[in-house]
Amino acid sequence: MDIINIILVIFFAGALITAFAAKISSIVQDILFIGTILATSIIFFLNINTNTETIINLSHINLTLGLTPLSLYFAFIVFGLAVLAGFYAVGQMQGKKKKGYFYFNYLLSIAAMFGILVSKDLVSFFIFWEIMTWSSYLLVIYNGENVQKTGIKYFVLSAIGAYSMLMAIVIIHSLTGSFLISDLISGFNNMSANMQILIPVLLLTGFGVKAALMPLHIWAPDAYSNAPMSYTAIFSGALSKMGIYGMVIVFLTLITKLPQETLIRDIIAWLGAITAAISTLWAIKQDDAKRLLAYSSIGQLGYIVVGVAIGTPLAMLAGLFLAFMHGVFKSTLFMVVGAIEKQTGTSNLKEVTGLIRKMPWTFIAALISIIALAGIPPLGGFVGKWMLYESLITSNHYLLVTLVFFSSTAAFLYCYKFLFGFFLGQEEKEWSHVKEAPAIMVVPMLILSLISVVLGSFPQLILKPINSALSYYSLPDTYNNLWKESMIFNKWGDQVALTPIVYGVAIVFIVFAVFLFFKNRKTSRYVTTKDISTSGEVPKEHENLTFKENFFQPFLRAVEPAMKRQMDKYMLAFAKGLEDLFDFTRRIYNGNGQTYAIYAIIFVIILLLLSNNLFS
Amino acid sequence: MYNDKNKQKIVDIIKNAARKHSLWVLAYGTGCGAIEVPATMTSRYDAERLGVRGAATPRQADVLLITGYLTVKTLKRVIRVYEQMQDPKYVIGFGSCTINGGMYFDSYNTINQLDLYLPVDVYISGCMPRPEAVLEGFGKLQELIGKGIANGAQQYKENLDFYRENQKKVIKNWDFQDYNW
Amino acid sequence: METLLEKIKDRVNANFDLKDYKIYTDLKRVDLFFNKEHIPSVLLYLKEQMGFRHLMHMSVVDWIEEGEFEIIFFLWAPKEKVKIFVKTRIDRDNPVMENMDNIWPQLNTYEREFKEMYGIEFPGLVAPEEFILESWSGPPPMRRDFETDKYAKDNFATRPGREDAQDVRETIAKRSGEDIPDFAKKYSR
Amino acid sequence: MESLLMNILGAVTTFLLAFAVGMTYGGLRRKIVARVQNRYGPPFYQNFIDAFKLYSKSTAIHHGAMHFLGPAFIMVSSVVSLMFIPVLTNNQWFPNLNFQGDLIFLIYIMVFGPLGMALGAGQTGNPNSAIGVTRGLSQMVGFEIPWVMALIALMVQYKTTSITGLLDIQVQSGHWFMFENPFAFSAAILASLGMFRYSPFDIVGAPTELASGPMSENGGKFLFVMMSSGSVFAFVKLTLIVDLFMGGASNLIILVIKTFLLYMIPVTYGIVSPRYRTEQSITYFWGWPLFFGLIAIIYAVFF
Amino acid sequence: MVGTPVLFIVIPLLAAFIIPLTGMVWKNSVRIIPGLVLSYMLALSVSLMWHITETGTVVEVIAGWKPPIGINLVFSPFSGFLATLMIFLGLLVWAYSYKFKRNVDSEPALKYFILLMLLVTGSVGIVLTGDIFNMFVFIEIVGISGYGLTSFYTRRDSAEAAFKYLFMGSIASTFLLLAIMIIYSQLGTLNIAEIADKMPMMSNKLKVISLIFFILAIGIEAEIFPLNGWAPDVYTQAPGPIGAAFAGIVVKSAIYASVRLVYTMFDLSGALDLFIVIGLITFIVAETTALRQERLKRMLAYSSIGQMGLVMVAFGIGTKEGIFAALFLIFNHAIIKSLLFFSGSYLVYNKKNKFIKHVNGMGKYLPITSILFTIGAFAIIGLPPFAGFWSKLAILTAAADSKMLMLIAIILTVSILEAVYYLRVINRIYFFPKKKSTEAKKPTLNALIVMISLGIIIMVIGFYPDLITGIIDRAATDLMDKTGYIKDILTINN
């Protein structure tokens, strides 16, 4: 049996066994869960091979499974996050209900993601895509009754995406006679002009839903914020990347062959940039950390889409690098929220304050991830952002780069809101009992934040696989062209050398930290946050001095016009209108026998009247 | 002859020279004296040319300027503000109310003598003192700093029990944290 | 104007047990005297029925000689531009007045002040903390029998050198040639 | 080894120069403001005295680790961005790291400081600090847009994103970019008004309203570090604009003249302007400056 | 030769008449004998299916009269497949309702099983017969047993539903008879094969009219829009398992009849397009109506109608792939909808109105039933890796191969609605709190076994569709082969 089959079988069997192990013991369940993930990951990482190909023969359809360099790269993300978030999930799910349900769907969606990545034909791609959709759907509605709307929204949009993909798939089959992706690529040139437009558009719609692209993104904030946080880490970190994965393939193989190439690229890139800008504004407005991060995820995915859509070698590198980085830091942040929610019982930024001394390790993870998210050097996020900007500037997208830059700068606001809301500010008595999260939750976060630090100075660890993945899809080899060891170039030959930057930042930082910290450490003493200069007033214990209400009100007031229109509302109104229409069709069946008889007569009469036209 | 003691002295002289010309004032605007401070700071009298400058919070300030009578309620806040200031710090009592109660000598809720509660470095007399007098007071403070004898903070630190006793005598609901050093 | 004020008086009189009244035409003002227990209903009536929407002020006068506190509510009708002073007297030794901050919320502030300064009790008054006098232990300071000088001397150390201070009242009395009233002699030095 | 030592020495020299120049400019500004207000004003070296006094003050209390690290973050931002700017056109004295990064990097490292300061201010727990921070960050989003547009216009026009590259083009051709693309220059200058945070954009640390905002809990050495970082940063900004738009400077005297002239723009604009509210300043930056930025890009693309 | 097709008719009919007699002797025989008969029939049909793979179509001549004069029964791969499926479903319905009304006296159970037997007999007869008048008779048998089952609970509502059904059914019979008369008057024969052979002789006008009458008559049974008004009421009022029987057996036989008409008898070119149009309208209207239903069984009924519309669309595509997809969908729909009816009737067991909201929180009390319902719902939505996905893929592929892009778009759009209303139910099952007044009824053992075996079939087909695709493929080939059919019947001389 082939490695890929073994991994899939282990996943499915593990999911089933884990789900039913609840009868035995909760710990056995945990062990089985972790065991399944670890076993599959170890098998995967020990047997990485892009040459093998498995074919499952069904009489009329052949399912072909195998790894390509690109899917290998995404599989890194999936498995890495799956292992870390898996350990975290064990910690987070302690003492919660419906554990078996959670584990089952978690494993199933990981398996489905892996399946998507190893699919070399469109049918198995679609099968795994749908398994991923419904397993994640079941986790989105994990929290019960009040998330039904969210669940339906997610599922309907996923269905729209999936079905447009399905339509593309059957069209492709009718045109090329095969479901293989390679046949699609080779046969694309021979298709008619209409089909050449239709197929990429349908596919992009399908992938755009998962990548939360502009008009299709309305499910994302609710879905991300309502799933359990240990799953949202995967959801936002890895699952959304499946959309990116599909987009990369479409852009690399199909769009390049079109005469309207630039137009489509520009449209998608602009959609991505607008997504990024708008969702950043909405993220600033949120008071719930989960929703904040959810909107932030949409924004970050917008950048990735911009990079992928522009499609120059540097932009592709940027998009894929950002995809990895986003997986790393955003899942860390979701884990941070999950840890805080577990310890305090709420994730509302207005309620929780001053946890920095209570949960220092969580804070460190959050700080590093936030810096990476904001794209500040010397962490990994900067590298991706730099490449994105340079590629946009050198490929003549000046207004686009301004828009992207705007959303990236505005992202600072919610970054700060997140850190300040949870960790900084007044230390309230209400949270004085809070302890650091258990080690099984903290260690994955710290490992992930370490990865963002390392990638800041050694991005070649990731850029090399990306390069090989892109050259597999016949993009030029950029090894010496655009980047070298710790040094990135743009098209015009300008460069950023990362190592001296890291050293410089580190040296200056250490010098001044030492100057401030060690010089004053002995003479100064810690005082609580109640001891502040409030015009001499002594704050009472119960008085809440933290500034939380209307946190960025002035800014929001300035950008109000951009936030007036909500896609969500339009879509809901549309759905409402449809329901009313359906209510009208329901009235056709009025329960009256005579009416039905009249229908029958009318039916006959219409057929008779039309018989000349019908049966010519 | 270079030795540790001399070195300390030289450093002190330099430090004092700097402190003397850079007085950041936290004007605690109680009573009617608050109206004299803007006049002192702005164009007519321009205290900034002496290095006197307003500070926004006690953490940044050097000089605590108490501009008038202090009720018991205000005194509590003033003590807290003083204790939040960082060394070196100085107190200027401003107007006769801080000296002996002034026209509020028999009020039921006003302290009469500031130096029982806070170590005052310089008093400026008058009801109210004109900006010229205020500038003169700053000049006096600078002189004292230059000589190294404006050591009110030191005095407060050493005689903390004395001050605490006096403060607690008038402030009945004593709920302070410890002194900040 | 006279008629308007009269009308106001008559209307109140028709509804309530008016003890006494006074009309100041030039000031556009009516003073109405009531017993203590009528006050809430009178105020409510004036506010809701007669357009005296605005409570300008509430005041207390210490009539130490008569052993009473006089409580005065200053009302203002924005439409007619007329003032009404509603007055009542309460016992000085047992000063209790009804809490009326549900009629005008701002009465809460006044009541807190009078509670501290005169020691008048307002049953049911919700006061989060001390208003002006933090941790005050002495008698209410605004009563006329409160000896402020003595209190200050006892509580606040005085710098030597104020002994020669003149009694202001005696000086004034000498200058204008009138006698100091008997009750005031007790407090003059 | 020797070259490394020389590099470190050069870096320290650059830092000291920036510190001295920035401090002096700050003092001069106070003097100028005083003269405009018909005052005598403090001596121009007053800032040095203040800085030294702040340094000599004790730091008896702190509010936790971020309280210490916040000022360090700001200093990183200032010093590292100083390292990446060519101070003089011939790089004998101040080589630093000019060739290692480029404009995009510089933009990002320049916003590093405010975020660090925000973190430091956040841990103090003072509500005024947080309010000030939100205003500061909001304003930053405001002025970054025209600023970036101006820079993009330059990059597009001259097909390079490197600061040294842009500088070299100016030196070789002898034309200053402020005449080549005046719109970009206008946008950059207007945006730089916001960067200096002088009036009318000083609501961030409004002393009477917010008790100096983010800095309200920082005294003594914290304030000293912030103050010197601000001075260095002022020098960085001025030098950067000189490098980008005014052909750089071949020696220190020219540098001082050019930067001082530039510095007079925000100073004089500030003296005569009342204070803007946050959303007013944001909309200000998204008005004419943004328009100039757009024009600059269009100009750069089509001409 | 293992057995002859005539046994499919004779044995159940005999059984239906014997049951009351044996029931007097031994009460439980009423329940057991139908099961034995159906099992025997299943074994027979499977062996026949096996047989015809080697020898080709089996044609049974009744009473020695050879076609075209005599009545004949045809067991071809196509009709055999459908017959097997129906018998299998009949067996499942029997097993599911084995304990039906056990605690009451045997009278209702007797009626029930007799009518069930008649229903199965009639449906199998429709599929197997080669004679249109015979087909008419069987349709009437199905209809009469259907009316009886509908009014099984002697309530006002069920009586009304049965009357509606009867009303429409009589319209259907009238028109069917008219159509048969027209054909007989023109061609002088009732044998399908001979009609097909002689059809070019008939004038076009009459051809069209008779076809329209046929479509009307059979369309009423096949629940096509707008002739399906009776169906939801019947589904709602009939006993729970009978819903599955209607969806799985009766409607399938009607579909068979209409397909046989269009593919074999008539050579009109526009008929297939008509199929697509009618099927599509039925599909859209039924699914949108289902979205707004408040009762579970009505919702399932409309969903069933919608699926039938989809089957007609697939037949209307007209290519072999289309027929393959349609048959695949028939198979999937039969097992999935049966599972949904079976499990759904337990989810709302003790409630009179059977509102959807009554399933709230059942996931906790009836875990296995809920999971099976979920599997069924996911399968019928067409989510992989369940069985429904493959048939959906097959239909879409067939449509794409025929370049019907709009058709694909419409089918997929409407499928989203289908997903929505099934998910609403699933969410209620798992995530809403149970109302206190609702009582969960545990399924009986035999019902549980039936449901689990259906669930397993769905999963197995989902993971390995090859189990069934071979048979379906042969059936599809058989249907396409019109001349083969005529030859098989008319040249039977042995």
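1. Which strands of chain C does helix α2 (residues 39-48) lie across? In this predicted model, helix α2 of chain C lies across β2 (29-34), β4 and β5 (82-91) of chain C, and runs at about 170 degrees to β5(C). Axes here are lines fitted to C-alpha atoms, for helices over the stretch in contact, and angles run from 0 to 180 degrees between N-to-C directions; helices (H or I, at least four residues) and strands (E, at least two) are DSSP runs, numbered from the N terminus. Helix α3 (residues 107-118) of chain C packs on the sheet as well, touching β3 and β4 of chain C, with a direction that makes about 10 degrees with that of β3(C).

2. Residues are numbered from 1 along each chain as its sequence is written, and chains are lettered from A and ligands numbered from 1 in the order in which they are written. Local features need pLDDT (the predictor's confidence in each residue, from 0 to 100) of at least 70, side-chain atom pairs count only at pLDDT 80 or more, and totals for chains, interfaces and linings use all residues.

3. The sheet of chain C is open, with five strands in the order β1-β2-β5-β4-β3 and mixed pairing, where two strands pair if DSSP finds at least two bridges between them. Its edge strands are β1 (20-24) and β3 (54-63) of chain C, each pairing on one side only. β3(C) pairs with strand β4 (residues 68-77) of chain C in the antiparallel sense over nine bridges, and C:Val61 has C:Glu70 as its bridge partner in β4(C).

4. In chain D, helix α6 (residues 163-173) has D:Ile163, D:Leu166, D:Leu167 and D:Gln170 as its buried residues (buried means 20 or more other C-beta atoms within 10 Å of a residue's own, exposed 12 or fewer, and partly exposed in between, with C-beta atoms placed from the backbone). Seen down the axis of α6(D), these fall within an arc of 100 degrees, so they line one face of the helix; the arc is that of the directions from the helix axis to the C-beta atoms. On the other side of α6(D), D:Gln172 and D:Ser173 are exposed.

5. The contact between chains A and D takes 61 residues from chain A and 70 residues from chain D, two residues being in contact if their C-beta atoms, placed from the backbone, lie within 7 Å. The largest share of the side of chain A that touches chain D, 12 residues, comes from α16(A).
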